[in-house]
Structure formats: structure tokens, C-alpha cells
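Got the viewer open? Let's take a walk through this one together, one selection at a time.

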Amino acid sequence: MKRVFQHPPEPLTGKKYWRSLGEYSNTPEFRQWLEREFPAGASEISDDEWSRRDFMKLMGASMALAGLGLTSCRRPEMHLVPFTKSAEWTIPGKFLYYATAMPRRTGAIPLIATTVDGRPIKLEGNPLHPASAGATDTFAQASLLDLYDPARSRRFVNRGKDSNRGEFDAYIDKLRGQVGSNGGDGLAFLVEEVHSPTRERLRAELEKAFPKMTWCVYDAGFSETQNYATGTSFGENVRLIPRFDRANVILALDSDFLDCGEGDLASARGFTQRRRVKSAEDTMNRLYVVENRFTITGAMADHRLRCPASRIPAFTYLLAGKIAAATRDGALFSLLSTLAAPVDTAEFDENWLIEAANDLVSKSGVSIVLAGAHQPVAVQLLAYAMNFALKNIGRTVVVREFPRNQNTKSILQLADRMNRGEIKALFIFGGDPVYNAPRVLAQDPDKKTPVDWADLQKKVPEVVRLGYHEDATSTISQWHVPLAHYLESWGDALTPDGAYLSIQPMILPLFGGLSEIEILNALLGRPKVEGPELVQETFRGTKPPGDFPTAWSKFLRDGFAAHVPLRDRPVSFNGGAAASLAQQLWATTPAPTSDSPEVVFVRSYAMDDGRYANNGWLQELPDPITKLTWDNAAMMSPSFAKSLNVETGDLIQISINDFAKDANNQPIKRELVIAAYVSPGHADNSITARRPDRSLKKPDSTRIFCAPRRIRTSRSRMGRTSKASASPKLEKNIRSRLPKITGASKGAAWCAKQPWTITAKTTSS
């Protein structure tokens with residue numbers, strides 16, 4: 001007979017131990033679950049010792065009653081198909097490897113996918129292609145978990161009700177006839193930055209069929225300033241490729257090029273190769289970094305200068321002046337002559353400026369000057385002019401041909417048309433503009449109040465959302481279509497340097513998702529495709545050598561098209577156009593002070609712009625600088641924190657008066673309550689926060705626990721409020737309950753030039 005061990009009773013005094021967070025919180029939901037898991041009637045069994053005979057008696061009676069009273073019940077039918085017919089050329093348990101690629105905003109990464117029994121289980125870099133050379137980055141490794149994400153979109157939704165692929169195809173056929181009658185006027189697309197030749201080919205065909213349609217590219221982590229400055233300085237359809245393997249001296253101006261989100265694998269490899277000394281003849285490169293916060297690139301710097309982000313234009317102007325004086329370059333002199341000299345430059349270390357300029361000039365032709373993607377256009381133009389004066393263009397900075405759509409509109413242009421009611425049908429591919437679009441995109445023509453994206457989208461009669469999750473944008477769309485993972489769909493892409501890659505599926509779509517090119521093909525009225533026909537048509541246009549089936553097989557096997565050349569343009573810098581544009585856009589801001597600090601939003605090393613918020617691997621990944629996981633913080637320098645009398649973990653409240661006005665003609669106030677993080681190496685009078693994640697889908701549901709001790713900031717003043725009368729124990733409890741803050745911002749912005757925006761509802765604890 002099995003005896004039940006009687007545990008000693010819980011002591012009434014002393015320490016109390018709990019076995020889970022649910023038991024510790026003791027919420028009504030937990031007690032309800034506990035009651036279901038351990039019913040009250042079961043306690044009768046524990047009163048006495050039960051033998052095996054007694055137990056069998058009880059179970060036998062239960063079976064008899066079930067047979068008498070529930071004879072009409074039966075187990076549900078389940079049609080199970082055994083794995084008797086496996087895929088061709090497979091051995092159970094044996095790994096198979098296929099070449100594919102992961103599309104990214106800066107360019108795709110060549111990959112090798114490991115599959116077992118038709119299921120991808122691991123991703124590694126493609127060793128045959130120099131863009132990866134067998135390596136991957138954080139997001140490529142974690143993207144595999146997104147494929148098996150249980151929270152993925154699994155259904156077609158039409159106006160809040162379940163639908164299917166057949167009804168969606170019928171809707172597309174009907175919509176095509178409506179928009180085709182007026183040349184596509186009122187038809188618009190909002191897409192993310194994806195360098196896919198097949199998507200670009202289908203877009204061009206759509207523009208021929210619907211010449212009045214609108215094509216808009218928006219990505220919260222992507223800035224058009226570099227593209228705009230590059231087109232002005234070097235012509236259209238080009239991209240500047242830095243060759244770090246050729247550079248002896250590198251100067252990064254707010255450029256975190258060693259980060260996998262802003263840079264690429266080839267850049268990181270080229271830089272690190274020059275840091276390895278294997279023989280007496282090898283020389284190391286030298287890295288200068290100017291930034292407001294500690295970054296991965298800044299951590300590798302030989303010489304690093306703390307500088308507020310809003311003051312980098314002034315620093316760039318001073319550096320360009322010293323390089324112009326040393327090189328006597330006419331184009332750089334002409335550009336500087338059109339710009340007003342910044343004032344209050346005493347904050348910059350003159351010796352640091354002189355040494356950096358002399359080092360760059362002494363290494364003319366083997367140096368690089370880089371400006372961060374979110375720096376203004378004038379800073380980009382100054383960086384290009386300095387590279388031209390240093391004779392780096394064509395050597396360490398290559399001008400590579402890179403196709404771009406000249407008819408692409410900005411999200412502000414699209415918002416203006418939506419606000420006027422000109423858009424009748426809108427397709428949103430990926431992204432989540434309700435979450436990450438800039439605030440105050442337009443102004444209501446009648447009420448004269450600011451309008452955000454959610455209000456603008458409600459003005460469009462027909463909205464089709466192709467999304468990976470049913471998020472805030474899908475909720476207010478007429479149609480939601482599940483988006484296929486890149487491991488589930490056919491496609492193609494370009495690397496950051498323009499190489500042509502293949503994307504082939506490792507598995508059929510788990511939930512019937514569609515790709516962007518499938519929807520574009522349906523809008524063209526062409527038959528539905530189930531295979532690589534769309535990509536094959538694009539590949540055929542590259543004129544592969546030999547017979548097509550052999551070339552196509554090699555394209556898929558290798559993962560890239562070796563016959564497609566990379567074309568570099570000759571060195572030519574349009575100094576006149578650059579000077580004219582810089583003069584129009586040049587603006588400097590005064591140095592931030594403790595009473596008027598700058599606030600900078602940057603992309604998260606783990607969550608990117610929030611798209612990976614549901615990825616557990618990345619949520620558990622510590623920030624490489626702060627080591628924070630599952631949370632966000634406002635970083636500041638030790639001296640600035642001391643002036644505010646805050647420490648790491650204290651909650652601060654930041655308030656910004658927006659330029660936009662509400663219905664009462666009062667400035668809209670934006671507020672954020674966030675934990676402070678004292679970061680050595682951070683610029684003074686500057687606050688940096690990682691881009692918030694998507695853990696809370698709707699900003700209106702955000703809860704912020706207000707600490708009794710906090711900092712209140714505004715555009716004109718930042719000072720400490722009263723400590724209030726809360727005990728340290730209560731304050732510590734409030735800090736421990738600090739949730740993630742959901743907000744929206746565009747790029748890295750500082751309050752001195754562009755107001756950053758936070759949407760949150762504050763509740764007291």
C-alpha cells in the first residue's frame with residue numbers, strides 16, 4: 001500500500017516561500033486556475049490512506065457510470081496521415097542544406113538553411129558568397145523562431161470576420177476592375193524597404209497598368225537622408241559602398257556601422273580583418289568615433305569623442321574646414337562657403353579635431369568619413385565632400401549602381417492624399433504604421449487638429465493589410481491577409497553591395513500565408529502561381545549563360561547569380577548641386593543644457609524597430625552596452641544624472657510640448673515615464689532611449705506606474721520635483737513593476753529640432 005507523505009504545516013511566522021509568481025501574487029485568476037487544477041472534491045481522497053484496492057474500486061465505479069449514462073458519446077474522429085511518403089532524396093534524420101536569403105532594409109543576407117524531414121531548424125551564412133562568407137547576425141539567427149511563432153497570423157479576415165483565400169481572390173478581381181477604370185487614381189501601396197528585383201519588376205508593370213497609382217516606401221528604422229544626399233552628389237540609382245578592408249583611418253560621425261542593423265556583415269568583416277596583425281608587415285587601422293552614446297562601434301574606437309547628437313552638424317563643419325584648409329579642395333571650399341558658421345563651438349576639443357583631421361589627410365585615399373543614416377542631409381553632403389577631397393571616392397568609398405524607383409513617395413505625401421480623401425484603396429505590405437508611423441502626419445481640414453495615421457487610415461474605404469501579426473493596423477483594415485515567412489515563399493533580393501540572391505522556401509506556408517509578389521501578381525490579373533514562376537521570369541531577364549534549366553538550378557544551389565556583374569561608376573562629385581542643397585537645409589542648434597537637454601531615440605539592438613518584440617530569443621538577448629533585457633531605459637551621463645539627483649533605476653518623467661495644437665489651440669503634451677540608466681561615456685545634457693517595442697499593441701492601453709520620486713522635463717525646463725512621502729519599500733516595489741513603454745518616433749530625433757512623440761496613459765499606483 002502506497003502511503004501519502006504528510007508535509008509539515010506552513011509556519012505562521014517567519015519567511016514565507018512561494019513556488020511561482022502566480023502563487024505570490026495570489027490573483028483571482030490564479031485561484032480560479034488552482035481550483036480547476038486541484039478540485040475541492042479531490043481533498044476527500046487525502047483524508048484517509050487509500051490502498052490500491054480502494055482506488056481500483058473507485059475507478060471501476062466511475063467507468064461503469066460512464067458506460068451507462070454516456071453511451072452516446074464517442075471520441076472525435078481524427079484523420080491522421082502517417083509519414084509514409086517522404087520527400088524525394090531524403091533519409092529520415094539526415095540533414096539537408098539549401099541556399100536562401102533573408103531580406104533586410106539595408107540588403108539581404110545569403111544563408112544556408114538546415115532542414116530535417118522538410119522542416120528548417122538552423123540558419124547559417126552562405127560560405128560561397130562574400131556578403132556573408134559563412135557568417136550571420138543576430139536577426140538572421142532569431143528569424144527562424146519567427147517561422148514557428150504561435151502568435152502568427154493564421155487566417156484571412158474580412159471586416160472582422162473569418163474569410164478564406166477564395167473570397168480574397170474574388171475581392172482582388174473586383175477591385176482591379178474598379179481601380180482600372182480611372183487609371184489607378186486612388187490606388188496606393190505602403191511597403192517596407194525590401195530590395196527585391198521581382199517586386200520592382202511587378203511594381204513597374206503595375207505602374208504601366210495603373211499609371212496614376214501611388215507607391216510609398218516607409219520603414220521606421222530607415223532614413224531617406226542618405227539616398228537623397230547620394231542622388232544629389234553622385235547621380236540617381238547609386239549607392240556608396242564603404243570598403244573598410246582598404247581603409248587605414250576611419251572617422252564615424254554618429255555611425256554605428258558595426259551594428260548588424262545599421263551596417264552589414266561585409267563591413268564588420270572588412271573592419272575586423274584590419275585589426276588582426278599576423279606578421280610584422282601588417283598594420284592596424286585606426287578608428288575615430290563621434291557619438292552621443294556608447295555604441296558597439298564606439299566600444300571599438302581608438303579615439304572617441306562624446307558629443308550631443310544635435311551638435312554633430314557643428315562638429316562636422318569644423319572638421320570639414322580643417323580638411324579643406326589642408327587639401328585645398330575647391331568643391332569642399334565651395335560647399336563650406338554656402339553654410340553659416342556655427343556659434344558656441346568652444347565645447348569641442350580643438351586638439352582632438354586637429355589630430356583627427358591631420359590623420360585623415362595623411363592617409364588620403366585610404367581613409368573613410370562616415371555619417372550616420374539619421375544625421376541631416378547637410379551632414380551627409382559634408383561627409384561626401386570630405387571623402388572627395390581626401391581622394392577616397394573610388395578607392396575606400398565605391399560608387400555602385402543600385403536600382404531605385406524614382407516615383408517613390410514619402411509617407412507624408414501619402415498622408416496628405418489620404419487626408420484629402422483621394423485614396424480609395426490602400427495596400428499595406430508589412431510594417432505597422434499605426435504603431436510606428438510619425439505622429440501628426442496631417443491636419444484635419446475642418447477641425448484644424450492634428451491627425452495621426454490611425455485616423456487617416458479610417459478615411460480610406462478599402463484597406464488591405466498583408467501582415468505577419470494581427471496588430472493595430474490590421475484591426476482597422478477591411479482585409480487582413482497573413483504574410484508568409486521568407487522561409488515559406490519564393491523570392492529574390494539584393495545584397496547591400498548589389499549582388500543578386502535567390503530566396504527559396506524550405507517548407508510550405510504553415511498558415512496559408514501570401515507573399516507580396518503574389519498579391520502584386522493577382523492585381524495584374526495573372527493566374528495564381530504556386531511555384532517559382534515569378535522569380536524565374538525575373539531571372540530570365542538577367543540573361544544567364546547556357547540553357548535556362550541548368551542556370552536556374554545553379555542559381556538555387558549556389559544561392560546567388562554569379563553572372564550578374566556589379567557595376568561601379570566613375571568618380572564624379574557634383575559639388576555645385578551639393579552646395580546648393582546644403583545651403584537650403586543647413587541648420588545648427590545651440591548646445592543642449594541641463595535645463596534644456598536633447599532626447600534621442602535609437603533603434604534597439606535586439607528589437608530593431610519593434611518588429612521582433614514577440615521573439616523570445618531576442619527578448620532574452622542582453623543589450624551589448626547596457627546589458628538590459630526585456631526592458632527599456634533612458635540613458636544619461638553620470639554628471640547629468642548627478643545634476644538631476646537620480647540614480648540607475650529611478651523613474652523619470654519626460655514631457656515635451658509638441659508643435660501641433662489640439663482642438664483648444666493648445667500645444668499637445670507628450671509624456672514618458674521611464675527608468676533612468678546612468679551610462680558612463682554618454683554625452684552630457686543628452687538622454688537616449690531605445691526604440692520601444694510592441695509588447696503593448698495599443699498605446700491607449702499602456703500603464704505607467706508613477707514613482708513618488710521622479711524627474712519632470714519639458715522643452716524649456718528640467719528639474720526635480722518633490723520626493724513626496726512614500727517609503728523606500730513602496731518606491732522599490734513600484735520600480736519593480738515598471739512596464740515597457742509603447743511609443744512612436746521617427747528615427748533619432750532631438751527636442752531642439754523635431755519633437756519626439758510618446759503615446760501613453762498615466763495611472764497612479
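Start by selecting Glu291 and Thr295 and showing their side chains: the two make a polar contact at 2.6 Å. Keep in mind as you look that this is a predicted model. Glu291 belongs to strand E10, and with a relative accessible area of 2% it is buried.

Now bring up what surrounds it. Leaving aside residues up to four places away in sequence, Glu291 touches Gly298, Arg304, Leu305, Arg306 and Cys307.

Stay on Cys307 for a moment: its relative accessibility is 1%, so it counts as buried. Then jump to Cys260, which counts as buried too, at 18% relative accessibility, since the cut-off for buried is under 20%. Hunting for disulfides? The count comes to 0, going by pairs of cysteine sulfur atoms within 2.5 Å.

Next, select residues 350–362, which form helix H12. Try the distance tool on the C-alpha atoms at its two ends: they are 18 Å apart, and that agrees with the 18 Å that 13 residues should span at 1.5 Å a residue.

Which residues of H12 are buried? Color Trp352, Leu353, Ala356, Ala357, Asp359 and Leu360. These cover an arc of only 160 degrees around the axis, which puts them on the same side of H12. The general rule behind this is that an α-helix has 3.6 residues a turn, so residues three or four places apart point the same way.

Swing the view around to the face of H12 turned away from the buried side, and you'll find the exposed residues Asn351, Glu355 and Ser362.

What covers the buried residues of H12? The cover includes strands E9 (249–253), E10 (286–291), E11 (303–306) and E12 (367–371), along with helix H10 (312–327). Strand E10 is a familiar stop, as it holds Glu291.

Before leaving the helix, zoom in on Asp349. This residue caps the N-terminal end of H12, with a side-chain oxygen 3.1 Å from the backbone nitrogen of Asn351.

Last, color the chain by pLDDT. The average is 82, and 83% of the residues score at least 70. Two stretches to pick out are residues 68–75, where pLDDT stays under 50 and the model has 2 contacts beyond four places in sequence, and residues 693–765, also under 50 throughout, with 184 such contacts. Where pLDDT is low, the predicted coordinates should not be read in detail.

Conventions:
Residues are numbered from 1 along each chain as its sequence is written. This is a predicted model: local features need pLDDT of at least 70, side-chain atom pairs count only at pLDDT 80 or more; totals for chains, interfaces and linings use all residues. Side-chain values use heavy atoms; hydrogens and water are left out. Helices (H or I, at least four residues) and strands (E, at least two) are DSSP runs, numbered from the N terminus. The expected span of a helix is 1.5 Å times one less than its number of residues. Buried means under 20% relative accessible area, exposed over 50%, partly exposed in between (1.4 Å probe, protein chains only). The arc is that of the directions from the helix axis to the C-beta atoms. Contact means heavy atoms within 4.5 Å. A polar contact is a pair of N or O atoms within 3.5 Å; within protein, one must be able to donate a hydrogen and the other to accept it, and residues adjacent in sequence count only if both atoms are side-chain atoms. pLDDT is the predictor's confidence in each residue, from 0 to 100.
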